[in-house]
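Work through the exercises below with the sequence and the coordinates at hand. Each task is followed by a stepwise solution.

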Amino acid sequence: MAERSFVEEVQKLRLGAGETFRGEGILAVTKALLESGVSYVAGYQGAPISHLMDVLADAQDILAEHGIRFENSASEATAAATLAASVNYPMRGAVTFKGPVGVNVASDALANLASGGVTGGALVIVGEDYGEGSSIMQERSHAFAMKSQIWLLDPRPNLPSIVKAVKDGFELSEASHTPVMLMLRIRACHVHGHFVAGANRAAALTTGDAVTAPRRDTARIVLPPATYLHEQEKVKERWPAAVRFIAERGLNEFFGDDGRDDLGIIVQGGNYNALLRALERLGLADVYGRTQIPLYVMNVAYPVVPEEITRFCAGKCAVLLVEEGQPNFLEQNLATVLRQADLQTALHGKDFLTMAGEYTSAEVLKGTRAFLEHYGRIEPAPAPVKAPRVIPIAAMAGGNGSANAAAANAGASPSSVDPSGIDGAPEPAPQAAPAPLADVVHGRPPGFCTGCPERPIFSAMKLVERELGPHHVSADIGCHLFSILPPFHLGNTTMGYGLGTAGASAFSARSGKRAISVMGDGGFWHNGLTSGVANAVFNRSDNLTIVVDNNYTSATGGQDLLSSKATNPTRSTGHAIEQAVRGVGVQWVKTMRRTYDVAGMRDALKEALTTKDAGPKVLIAQSECQLNRQRRIKPQVKKAIAAGERVVRERFGVDADTCTGDHSCIRLSGCPSLSIKPNPDPLRTDPVATVLDSCVGCGVCGEVSHAAVLCPSFYKARIVTNPSGWDRFAERVRGAVIGWLQRRDARARARLAF
């Protein structure tokens with residue numbers, strides 16, 4: 001997830017009632033929060049919801065104007081626990097994080113929150129990272145919502161529906177005294193559009209007001225015997241209240257249902273656009289949403305409103321349920337509703353649609369077509385027409401061959417001539433279907449950015465592996481997880497964000513060989529310090545933990561964290577990881593302040609894996625994230641060049657005459673700026689390595705080659721913009737010397753030739 005600044009766009013949050021808001025879904029959510037009168041917001045960044053945290057951070061002045069407390073939470077559990085402020089006080093609060101992994105991390109707090117219930121509206125905005133573009137295991141937040149009885153909104157992916165869902169979510173929460181999840185899928189987060197803005201509202205009760213007048217209700221505390229009453233309260237009071245609110249306020253939507261059609265489709269709100277596109281392709285809807293097939297759009301995925309289901313299905317012979325993912329919670333629920341109502345309407349879902357996986361437009365089109373064909377609403381699609389076989393003119397016999405030749409001479413294609421009348425011509429052979437793209441196009445696994453300071457860490461690990469043999473490597477969530485893929489092939493497991501060290505805890509036996517754990521600075525502060533490092537100290541682990549400290553939570557967009565070196569006016573930074581590690585009792589700690597030193601990294605790793613010192617070992621590998629560094633320095637460089645200042649940029653290259661074509665540098669680095677090109681020597685066929693212009697001059701390729709004793713073909717060049725007089729003089733001298741040497745060598749070669 002690339003970092004993005006919303007400094008200019010957040011000014012749209014000041015729009016007043018009746019004005020038109022245009023922008024991205026994430027920004028619209030923030031505007032809806034302001035219009036809802038929230039007292040506090042918090043969250044933890046994670047795709048696809050990272051941008052919401054960035055928007056909130058950039059809009060802190062606007063939030064402060066309305067007395068809204070904003071926090072960058074240490075984890076999803078921290079964010080969810082923040083909603084405790086709405087338990088006793090009539091304050092609206094919202095938190096955000098990635099789902100479902102964030103929901104899993106926050107599960108304890110969410111379960112307790114749902115048990116005791118809330119007084120003020122409590123909204124959990126989860127970015128549902130599911131499907132082909134997902135970065136996590138394929139699960140959904142739906143299961144947790146059902147388990148803890150937290151109501152789940154899944155709005156249609158357009159800005160008016162999303163904004164309405166935010167406001168409805170707070171009111172639904174207050175009407176049923178239950179926290180509400182607002183699920184925003186990847187496409188909903190980044191959809192663009194417009195809506196008519198409302199007025200921003202200041203909170204009726206701020207967090208400052210609440211803390212000056214504390215309230216206490218022991219019936220809301222999750223402690224027996226209250227917990228037994230909470231369960232009954234959920235079923236007998238909160239659930240019916242939620243169903244009534246959903247029905248009375250029309251949160252779910254009906255389209256094209258005039259009661260005369262015997263077919264219908266029920267769809268989750270988040271899949272509405274894909275379904276409408278499928279119906280449009282089938283000629284049964286238009287781009288404005290007018291549909292010939294009745295639709296029931298469930299903007300509330302949980303709880304189900306039985307009366308709406310039976311009303312929609314009554315009089316229909318069959319309905320199709322478009323429910324993405326597995327298990328098919330809604331299909332089971334709706335089947336029960338129909339059976340209990342003694343309705344004979346056939347319910348279809350996973351029998352026509354794919355059992356699991358993302359419901360892309362192609363998948364929804366295929367399943368919808370199959371359903372409508374089955375019930376005779378549309379004609380079966382015609383079989384694909386096979387192209388006629390091309391018959392060469394030379395293979396054609398008799399007069400028809402002459403005719404084809406004449407046709408060819410006249411400009412007609414011989415293949416367009418019907419070969420059926422050709423004497424002795426064979427029947428056209430059926431053409432093979434084109435091979436799937438996956439069989440033709442090579443897979444492109446994700447990898448580190450150009451100049452990434454994490455690449456040399458894993459290059460060094462591969463060098464150590466040559467000497468000490470392979471080690472068990474417990475990986476973690478973050479950019480460093482790319483090390484499990486080519487060219488490094490490191491990493492045996494990954495158990496969750498900040499759980500790299502904990503994932504290797506079973507391998508702490510004195511076996512003579514240590515396991516290696518890897519975690520980033522984001523994972524370290526999220527969970528790794530206590531669950532990993534402190535746990536290793538307590539249990540006298542003898543393993544090695546590598547903490548990749550690149551100054552940011554880089555994988556989620558480059559947000560600051562406790563150990564960031566940049567000064568943040570609203571956050572406390574500069575807290576060293578080494579101090580925290582020593583504070584929990586680690587004795588063997590070493591900090592490498594330049595990861596690009598591959599040989600130094602190799603030696604530090606080797607020392608940590610072979611030292612006689614007992615107890616956990618922690619190696620902190622520090623270097624600034626190159627992507628964030630480039631974002632930081634490029635404006636500075638551009639400004640300096642425009643001002644006429646001398647600017648030097650370093651980049652590396654490969655001497656084609658020296659390169660052997662072994663390409664070990666590429667195998668041990670994998671840098672996107674390292675490529676190959678044809679060998680300039682006509683007597684050598686192997687391509688040589690080359691460095692593309694995207695090189696940022698980190699030097700890893702050369703360092704790897706030197707540390708691995710590969711080859712001396714790498715060189716470093718200094719590109720000077722706005723050179724000084726001394727630079728120009730030195731360049732003339734160098735050019736003269738190099739020219740003299742080249743002429744001398746040319747004369748020597750000429751003498752040898754004769």
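**Exercise 1. Classify Tyr272 as buried or exposed, then describe its ring partners.**

Step 1. Tyr272 has 5% relative accessibility, so it counts as buried. The cut-offs are under 20% relative accessible area for buried, over 50% for exposed and partly exposed in between, with a 1.4 Å probe and protein chains only.

Step 2. The model is predicted: local features need pLDDT of at least 70, side-chain atom pairs count only at pLDDT 80 or more, and totals for chains, interfaces and linings use all residues. Residues are numbered from 1 along each chain as its sequence is written, and side-chain values use heavy atoms, with hydrogens and water left out.

Step 3. Look for a charge over the ring. Arg156 lies over the face of Tyr272, 4.8 Å from the ring centre. The criterion is NZ of Lys or CZ of Arg within 6 Å of the ring centre and within 35 degrees of the ring normal.

Step 4. Look for a ring partner. Phe255 and Tyr272 form a tilted aromatic pair, with 5.7 Å centre to centre and 40° between the planes. Rings of Phe, Tyr and Trp (its six-membered ring) pair if their centres lie within 6.5 Å; planes under 30 degrees apart are stacked, over 60 edge-to-face, the rest tilted.

Step 5. Place both residues. Phe255 is in strand E9 (residues 253-255) and Tyr272 in helix H13 (residues 272-281), so the pair ties together parts 17 residues apart in sequence. Helices (H or I, at least four residues) and strands (E, at least two) are DSSP runs, numbered from the N terminus.

**Exercise 2. Find which parts of the chain the pair of Trp239 and Tyr302 links.**

Step 1. A search of the whole structure gives 16 aromatic pairs. Among them is the tilted pair of Trp239 and Tyr302, at 6.0 Å centre to centre and 50° between the planes.

Step 2. Trp239 belongs to helix H12 (residues 226-249) and Tyr302 to strand E12; they are 63 residues apart.

Step 3. Compare accessibility. Trp239 is partly exposed at 30%, whereas Tyr302 is buried at 6%.

**Exercise 3. State the strand order of the open seven-stranded sheet and name its edges.**

Step 1. The order is E3-E2-E4-E5-E7-E6-E12, with mixed pairing. Two strands pair if DSSP finds at least two bridges between them.

Step 2. The edges are E3 (69-72) and E12 (300-302), each pairing on one side only.

Step 3. Neighbouring strands of this sheet are turned by 20° against each other on average, direction ignored. Axes are lines fitted to C-alpha atoms, for helices over the stretch in contact, and angles run from 0 to 180 degrees between N-to-C directions.

Step 4. Inspect one pairing. E5 (residues 122-128) and E7 (residues 180-185) run parallel and are joined by six bridges. Val126 stands opposite Met183 in E7.

**Exercise 4. Describe the surroundings of His230.**

Step 1. His230 is located in helix H12. At 1% relative accessibility, His230 counts as buried.

Step 2. A polar atom of the His230 side chain lies 2.7 Å from the backbone oxygen of Ala219.

Step 3. Leave out residues up to four places away in sequence. His230 then touches Ser115, Gly116, Ala219, Arg220, Ile221, Val222 and Arg238. Contact means heavy atoms within 4.5 Å.

**Exercise 5. Give the totals for the protein.**

Step 1. The protein has 26 helices and 24 strands.

Step 2. Of its 754 residues, 49% are buried.

Technical notes:
A polar contact is a pair of N or O atoms within 3.5 Å; within protein, one must be able to donate a hydrogen and the other to accept it, and residues adjacent in sequence count only if both atoms are side-chain atoms.
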